[in-house]
Every structure is written in structure tokens, then in C-alpha cells.
Amino acid sequence: MQELLGVHVPPPREDFVVRETFVESALRKDPLPHLDYSFNPYIGCYHGCLFCYVPRLLQTDRAAWGSSVVVKRNAANVLAKEVRKLPRGLVAISTATDPYQFVEGQYRITRHALEVLLRADWPISVLSRSGLMLRDLDLFTRFREIEVGMSIPTLDDRARALLEPWAPPIESRLRCLRELAAAGLHTFVGFAPAYPPTGGTTAEEIADTFASIGVREVFTRPLDARHGVREAIRGRLEGSPLAEELLRLSDRGYMGDFVARIAARCKARGIAFRGDDAFRHPGYRR
Ligand code: SF4
């Protein structure tokens with residue numbers, strides 16, 4: 001049990017640590033081509049995905065990733081000041097944490113940031129792995145320019161449980177996206193990093209599933225195996241019946257073909273697809 005400035009946050013895992021901090025800036029200029037800024041309400045992430053690129057960016061110990069989170073208590077207040085001074089631009093929520101991991105249920109930093117951005121009439125792009133996102137549907141539907149997405153890099157929840165041990169099940173993410181689309185929102189899937197097919201999943205089935213829940217756009221990227229990712233994944237998959245199939249995650253030729261098939265089938269169903277060219281890029285890291 002933890003009492004943090006009056007906010008009670010019971011961690012779902014006993015050994016998970018929640019800390020707080022106060023920040024001086026909230027928006028960061030984002031280097032990705034289609035975004036202007038990123039807003040990250042937390043440092044660290046409960047979901048602890050083995051392939052997460054954030055430990056590399058932060059130069060932190062990968063083995064400790066997923067064991068703690070730091071809450072930026074004043075991030076929404078700082079954001080309110082920044083939107084008055086900075087040029088209006090598209091804000092990604094988030095790029096280095098999950099904005100709807102469990103602490104958001106009580107701290108509501110993401111929700112307060114949405115209220116600030118809504119008042120300022122700034123465009124947003126929201127991405128999560130958690131159905132807690134639906135809590136903020138009332139705010140999402142009032143934005144003039146918005147896209148909302150879920151990371152769904154596989155349909156096989158056994159593969160998810162191996163590589164994203166504490167992230168919500170795939171089925172809950174699909175349900176969440178379906179409801180967001182039903183509310184009239186532009187929804188997208190982050191098929192990233194692209195998992196290889198396991199348990200007989202086909203490109204057709206993936207495209208059909210996304211089409212059936214109203215997805216408008218899919219983006220993908222290959223696994224970045226640097227900074228201990230390859231070793232962490234190999235260690236986790238040791239002895240698993242899915243090991244042989246999942247280790248194809250870093251097989252460039254195989255993944256390129258699989259993603260090309262998904263892209264073609266998505267496009268045939270009217271779903272925009274981007275990022276597949278990265279699998280053919282000479283700089284793609286195996
Ligand atoms: S949900 Fe996103 S930020 Fe969190 S561990 Fe997974 S990949 Fe990293």
C-alpha cells in the first residue's frame with residue numbers, strides 16, 4: 001500500500017514501485033515526421049514489454065524496466081502554460097510510456113492533459129495498450145482533430161503474454177478500439193514491433209480483424225533488437241512452445257514478406273498502411 005501526497009495507488013504487483021516528481025517542461029519537440037510534440041505523463045511503464053525501446057533512449061537498465069514508474073505530478077499544469085506560448089501542433093500522447101497504465105486510474109495526469117489540450121483546441125494522437133483509454137471517451141469526442149490508437153502487434157494472446165507480460169490482453173484492446181470507432185473517432189493500430197504469425201494466424205485474419213472493428217489506419221515498424229532486446233527476448237522464449245515461431249521476429253526477409261501481405265490485405269479493405277517500407281530499408285537492424 002502506498003500513500004503518495006494523498007493519492008492511494010495500490011500496485012497490481014507487490015514489488016512495483018511508484019514515485020513522484022515535478023517537472024519544468026511537459027512538451028517535447030518530437031523527431032518523428034508526422035508529429036510536432038510528445039507529451040509523456042510518466043517515466044517508466046508498468047507493462048514492461050521486452051522489446052520496449054525506451055530503456056535504450058533513457059540509457060537505463062533494461063532488466064529493471066517495468067519495475068517502477070515516476071509520476072509527473074504537475075505535468076498538466078506545466079502543459080497549460082506551454083500551450084499558451086508554443087506554436088499550435090500535433091501532440092502525441094505518449095511516445096515513451098503508456099498514458100493509460102494503471103497509475104493513470106488514480107493520478108489522472110493524462111486526463112488533465114487532455115482537458116488542457118481540448119481547451120486550447122490542439123490536435124492530438126493518443127496511443128496505448130490499455131482499455132482504460134475508454135474512460136476519456138467523453139473528452140475525445142469533443143476534440144476537433146484527433147486520432148486514437150491501440151498497440152496490437154499480434155492477435156495471439158499467448159505471444160502477447162510472453163513479450164508484454166503485464167500489458168492488457170489483446171482481446172481487451174480490440175474491444176476498446178471497436179468502441180472508440182463506434183463513437184465516430186478515427187482509430188489506428190500500432191502493429192509494432194510487428195510480431196511474426198504464431199498459432200496459425202494469417203495476414204488475412206489480421207486485416208479482417210482490424211477491418212471488422214473499424215480501424216482506419218495501421219502503422220508498423222520492425223523490432224529494434226539493440227540494447228539487450230535480443231538477449232531479453234531469447235531468454236524469455238527459452239523452453240516456450242512458441243519460441244521457434246516468435247524468434248522470427250528479427251528475421252528480416254520473413255517479416256518483410258509477412259508485413260507486405262498484411263499491408264496488401266489492409267489496403268484492399270480500405271485501411272491505410274504505413275511503415276512497411278522500413279522492412280526493406282538497408283538500415284533495418286536484425
Ligand atoms: S507499453 Fe509501450 S512504453 Fe510501455 S513498456 Fe510497452 S512498449 Fe514500452
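**Exercise 1. Find out how far along the sequence the contacts of the protein chain reach, and how the chain is built overall.**

Start with contacts between residues at least 6 apart in sequence: in the protein chain, 78% of them join residues at least 24 apart. Keep in mind as you go that this is a predicted model.

Next, look at the overall dimensions. Along the principal axes, the C-alpha atoms of the protein chain fill a box of roughly 50 × 40 × 35 Å. A compact globule of 286 residues would have a radius of gyration near 19 Å, and the protein chain has 19 Å, so the two agree.

Then check burial and secondary structure. Of the 286 residues in the protein chain, 43% are buried. The protein chain has eleven helices and 13 strands.

**Exercise 2. Work out the strand order of the open three-stranded sheet, and say which strands stand at its edges.**

Begin with the order: this open sheet runs 3-7-6, and its pairing is mixed. Strand 3 (17-21) and strand 6 (42-43) are the edge strands, because each has a single partner strand and so one side without a neighbour in the sheet.

Now zoom in on one pair. Strand 3 and strand 7 (residues 68-72) are parallel partners, joined over five bridges. To see one of the bridges, pick E20, whose bridge partner in strand 7 is V71.

**Exercise 3. Decide whether strand 9 is enclosed or open to the outside, and name its partner strands.**

First, count the buried residues. Five of the five residues of strand 9 are buried, so the rest of the structure largely encloses this strand.

Second, sort the side chains by direction. I124, V126 and S128 point one way, S125 and L127 point the other way, and all are buried.

Third, find the partners. Strand 8 (residues 91-93) pairs with strand 9 in the parallel sense over three bridges, and here I93 has V126 as its bridge partner. Strand 10 (residues 146-151) also pairs with strand 9 in the parallel sense, over five bridges. In that pair, I124 stands opposite I146.

**Exercise 4. Describe how the two domains meet.**

Set the bounds first: the domain assignment gives domain 1 (1-144) and domain 2 (150-279). Their centres, taken over C-alpha atoms, are 23 Å apart. Domain 1 puts 21 residues into the contact and domain 2 puts in 27 residues.

Now see where the domain 1 side comes from. Helix 1 (54-58), strand 9 (124-128) and helix 5 (137-140) each supply at least two residues to the side that touches domain 2. That side of domain 1 divides into eleven nonpolar, seven polar and three charged residues.

**Exercise 5. Place E164: which element holds it, is it buried or exposed, and what does it touch?**

Locate it first: E164 sits in the loop between helix 6 (157-163) and helix 7 (170-182). Then apply the burial cut-off of 20 or more other C-beta atoms within 10 Å. E164 has 24, so E164 is buried.

Finally, look for distant partners. Setting aside neighbours within four places in sequence, E164 is in contact with H47 and C49. E164 and F51 are 113 residues apart in sequence, yet their C-alpha atoms are 8.3 Å apart in space.

**Exercise 6. List the residues around the ligand and sort them by type.**

Go round the ligand and you meet C45, H47, G48, C49, C52, V54, T97, D98, R129 and A167. Sorted by type, this shell has five nonpolar, three polar and two charged residues. H47 and C49 turn up here, and E164 is in contact with both.

Technical notes
Residues are numbered from 1 along each chain as its sequence is written. This is a predicted model: local features need pLDDT of at least 70, side-chain atom pairs count only at pLDDT 80 or more; totals for chains, interfaces and linings use all residues. A residue is near a molecule or strand if its C-beta atom, placed from the backbone, lies within 6 Å of it. Ala, Val, Leu, Ile, Met, Phe, Trp, Tyr, Cys and Pro count as nonpolar, Asp, Glu, Lys and Arg as charged, and the others, Gly among them, as polar. Helices (H or I, at least four residues) and strands (E, at least two) are DSSP runs, numbered from the N terminus. The radius of gyration is taken over C-alpha atoms; the globule rule is 2.2 Å times the number of residues to the power 0.38. A residue is buried if 20 or more other C-beta atoms lie within 10 Å of its own, exposed if 12 or fewer, and partly exposed in between; C-beta atoms are placed from the backbone. Two residues are in contact if their C-beta atoms, placed from the backbone, lie within 7 Å. Two strands pair if DSSP finds at least two bridges between them. Domain bounds come from an automatic or database domain assignment.
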